[in-house]
Amino acid sequence: MQQMYIILFKFTQHGEKKPGPVRQFRIYADDLEEARREAARYGNYPNVEVIDDQPA
């Protein structure tokens, strides 16, 4: 059964020097390791910094 995990991240807009506010994204995964893999995948996008991942 999948559980919800909260991923906290910051995103820097193109042309901006400072990142925006900390935001959250919800991921449904079977375990914490899968949630971390998904967070790492999302973190590979340009200008995205993953801060934390935790069970909801």
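**Exercise 1. Is F25 buried, partly exposed or exposed, and what is its relative accessible area?**

First, the ground rules. This is a predicted model, where local features need pLDDT of at least 70, side-chain atom pairs count only at pLDDT 80 or more, and totals for chains, interfaces and linings use all residues. Residues are numbered from 1 along each chain as its sequence is written, and side-chain values use heavy atoms, with hydrogens and water left out.

Step 1: get the cut-offs. Buried means under 20% relative accessible area, exposed over 50%, and partly exposed in between (1.4 Å probe, protein chains only).

Step 2: read off the value. F25 has a relative accessible area of 35%, so F25 is partly exposed.

Step 3: place the residue. F25 sits in strand β2; strands (E, at least two residues) and helices (H or I, at least four) are DSSP runs, numbered from the N terminus.

Step 4: look for partners. F25, Y42 and Y45 make a nonpolar surface patch of about 310 Å². Patch members have over 30% relative accessible area and no salt bridge (a side-chain nitrogen of Lys or Arg within 4 Å of a carboxyl oxygen of Asp or Glu). Nonpolar side chains (Val, Leu, Ile, Met, Phe, Trp, Tyr) are joined within 5 Å, like charges within 9 Å. The areas are Shrake-Rupley ones with a 1.4 Å probe, and for residues only the protein chains shown count as cover.

**Exercise 2. Find the residues of the largest nonpolar core and the elements that supply them.**

Step 1: define it. A nonpolar core is a set of buried Ala, Val, Leu, Ile, Met, Phe, Trp, Tyr and Cys residues joined through side-chain atoms within 4.5 Å.

Step 2: list it. Six residues make up the largest one: Y5, I7, I27, A29, A35 and A39. At least two of them come from each of β1 (3-11), β2 (23-29) and α1 (32-43).

Step 3: check one member. Skipping neighbours within four places in sequence, A35 is in contact (heavy atoms within 4.5 Å) with Y5, I7, I27 and A29.

Step 4: the general background. In soluble globular proteins, nonpolar side chains tend to be buried together.

**Exercise 3. Classify T12 and P55, then list their contacts.**

Step 1: T12 lies in the loop between β1 and β2. Its relative accessible area is 18%, so T12 is buried.

Step 2: beyond four places in sequence, T12 contacts K18, P19 and N47.

Step 3: P55 belongs to strand β3 (residues 48-55). At 47%, P55 is partly exposed.

Step 4: with the neighbours up to four places away left out, P55 touches Q3, M4 and Y5.
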